[in-house]
Amino acid sequence: MQKDHSGSAPSTPRLRNRKRTSSNEFPTELNKLNGSHLLVDDQNKYKAMWIRAYSTLWMLAFFASILYLGHLYIWATVVIIQIFMAHELFNLLRRAHEERRLSRSRLLNWHFFFTAVLFVYGRILDQQLVNTVTSDKLFYRLVSGLLKYRMVICYFLYIAGFVWFILSLRKKMYKYQFGQYAWTHMILIVVFAQSSFTVANIFEGLFWFLLPALLIAINDVAAYMFGFFFGRTPLIKLSPKKTWEGFIGASVATVTSAFVLANILGRFPWLTCPRKDLSTGWLHCDPGMLFKPEYYYLPGWFPQWFPWKEISVLPVQWHALCLGLFASIIAPFGGFFASGFKRAFKIKDFGDSIPGHGGFTDRMDCQMVMAVFAYIYHQSFIIPQTYPVEVLLDQIRNLSLDEQKTLHMMLGQIFRERDLLIS
């Protein structure tokens, strides 16, 4: 005889697990399309375009104001963007359940972040500080002493974070914690490797920072607009809305813009002069041969109604063509890499800080590749391979009195030999 269990305690109801989708999660149906979802066929493309355009105008206004304020404010803006990027990337692999048991893991991430800030930017600050204040001032002695021992300070700050991490290890969470530790270091490499080149470009002259950044922005906008109206042929499966029409149209627009913008930007000393100190005043300098116009007469077969008989070209415009080619052909692969990365984690954007654009990391993917190339190109083909006088003077100040006297005697001998040769 079977027992009737109807009078027993009611069974625990089954709970339905509902997965909450975040605003930046990659849509499942879009993932299945595997590259066939083109922007030209998007029903909501005009709404998205206006949101994107509105955000772009605000970003341009902010960027123009920071550019007017000068080098230090642009540097500060780069650091702020780094903080937002690190925040977005730190959150990418976090798990709510594990983070509740590791209350101080985020603080440890930021400890490593600001240690990297001191290490990377301390070298740049040290170079600019030499020309800002004289050696007999207390501020110079304090800051220069701090920067002189920055490697030791940063090393022990890192060791403190390393010990902190070891002491924070929890049973059954080792794999998660070591994954977060490795992820943090990868973020620091990705973020600071490119930003250090960006800041170096800023102090070499705003021209070498502004032109590459504008070329990436122009390429992005042109690819969007050409794909918006004409895109029919998918370019790469990693980024479903990218088309060959957008890629080719953006390439032509970017190279053309590089040649024209270099001529415009190259005529302002505020943009072409390098900043050798930490002041914020206006710059005046000899622009150098790269920024002095060369005139070319137009051939006789040009129509008579054409208003110009000659055109002026800055030599730097030919270098700008190389930057334009890189920005249009190679730099977009930084965006493709980011697209593949987001697909791996099944997210649409890294964040939602900028309406219509995603997060700061989404906007900086191609900029990171471009900034490194601009620095390497400038150091290899533009800047003369000599040591600046300011750097040599800073090294002379660190010599002993006897070494300075010896150097003085040797320089005097060199000058006397040159006088004999001239006479």
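Biologist: Where is Lys172 found?

Modeller: In this predicted model, Lys172 belongs to the loop that links helix 7 and helix 8.

Biologist: How should the backbone angle phi be read at Lys172?

Modeller: One looks at its sign and at the type of residue. Lys172 is not a glycine, and yet its phi is positive, about 70°. A second case is Lys346, also a residue other than glycine, where phi is near 55°. Lys346 is found in the loop between helix 13 (332-344) and helix 14.

Biologist: Are Lys172 and Lys346 buried or exposed?

Modeller: The cut-off for exposed is a relative accessible area over 50%. Lys172 has a relative accessible area of 79%, so Lys172 is exposed. Lys346 has 55% and is therefore exposed.

Biologist: The loop with Lys172 joins helix 7 and helix 8. At what angle do the axes of these two helices cross?

Modeller: The axes of helix 7 (residues 150-167) and helix 8 (residues 174-204) cross at roughly 160° and come within 12 Å. Angles over 145 degrees count as roughly antiparallel. Helix 7 and helix 8 are therefore roughly antiparallel to each other. The crossing of helix 7 with helix 8 is right-handed.

Biologist: Which residues make the contact between helix 7 and helix 8?

Modeller: Helix 7 contributes Tyr158, Phe162 and Phe165, while helix 8 contributes Gln177, Phe178, Tyr181 and His185. Sorted by class, the residues of this contact of helix 7 with helix 8 are 5 nonpolar, 2 polar and no charged.

Biologist: How are helix 9 and helix 14 arranged, roughly antiparallel or oblique?

Modeller: Again one begins with the angle. Helix 9 (residues 206-230) and helix 14 (residues 360-382) pack at about 140°, and their axes are 9 Å apart. Helix 9 and helix 14 are therefore oblique to each other. Helix 9 passes helix 14 in a right-handed crossing.

Biologist: Which residues meet where helix 9 and helix 14 pack?

Modeller: On helix 9 they are Trp208, Pro212, Ala213, Ile216, Ala217 and Asp220, and on helix 14 they are Arg363, Cys366, Gln367, Met370, Ala374, His378 and Ile382. The contact of helix 9 with helix 14 has 9 nonpolar, 2 polar and 2 charged residues.

Biologist: Tyr375 is also found in helix 14. Which residues does Tyr375 touch, leaving aside those up to four places away in sequence?

Modeller: Tyr375 touches Phe197, Ala200 and Asn201, with residues up to four places away in sequence not counted. Separation along the chain and separation in space should be read side by side. Tyr375 and Thr198 are 177 residues apart in sequence, and their C-alpha atoms are 7.6 Å apart in space. Tyr375 has a relative accessible area of 23% and is therefore partly exposed.

Biologist: How do helix 10 and helix 12 cross?

Modeller: The axes of helix 10 and helix 12 (residues 316-329) come within 8 Å and cross at roughly 155°. Helix 10 and helix 12 are therefore roughly antiparallel to each other, and their crossing is right-handed. From helix 10, the residues in the contact include Phe247, Ser251, Thr254 and Val255; from helix 12, they include Gly324, Leu325, Ala327 and Ser328. By class, the contact of helix 10 with helix 12 comprises 12 nonpolar, 6 polar and no charged residues.

Biologist: Is Thr254 of helix 10 buried or exposed?

Modeller: Buried means under 20% relative accessible area. Thr254 has a value of 0% and is therefore buried. Beyond residues up to four places away in sequence, Thr254 touches Leu215, Ile218, Asn219, Gly324, Ala327 and Ser328.

Biologist: Where does Lys309 lie, and which residues does Lys309 touch apart from those up to four places away in sequence?

Modeller: Lys309 lies in the loop between strand 3 (294-297) and strand 4 (310-313). Setting aside residues up to four places away in sequence, Lys309 touches Tyr297, Leu298 and Gln304. Lys309 and Pro299 are 10 residues apart along the chain, with 8.5 Å between their C-alpha atoms.

Biologist: How many helices and strands are there in the protein chain?

Modeller: There are 16 helices and 4 strands. The protein chain has 423 residues, and 39% of them count as buried. Among contacts between residues at least 6 apart in sequence, 73% join residues at least 24 apart. The protein chain exposes about 26700 Å², of which carbon and sulfur atoms supply 66%.

Notes. Residues are numbered from 1 along each chain as its sequence is written. This is a predicted model: local features need pLDDT of at least 70, side-chain atom pairs count only at pLDDT 80 or more; totals for chains, interfaces and linings use all residues. Side-chain values use heavy atoms; hydrogens and water are left out. Axes are lines fitted to C-alpha atoms, for helices over the stretch in contact, and angles run from 0 to 180 degrees between N-to-C directions. Angles under 35 degrees count as roughly parallel, over 145 as roughly antiparallel, 65 to 115 as roughly perpendicular and the rest as oblique. A crossing is left-handed if the near helix is turned anticlockwise from the far one by less than a right angle, and right-handed if clockwise. Contact means heavy atoms within 4.5 Å. Ala, Val, Leu, Ile, Met, Phe, Trp, Tyr, Cys and Pro count as nonpolar, Asp, Glu, Lys and Arg as charged, and the others, Gly among them, as polar. Buried means under 20% relative accessible area, exposed over 50%, partly exposed in between (1.4 Å probe, protein chains only). Accessible areas come from the Shrake-Rupley method with a 1.4 Å probe; for residues, only the protein chains shown count as cover.
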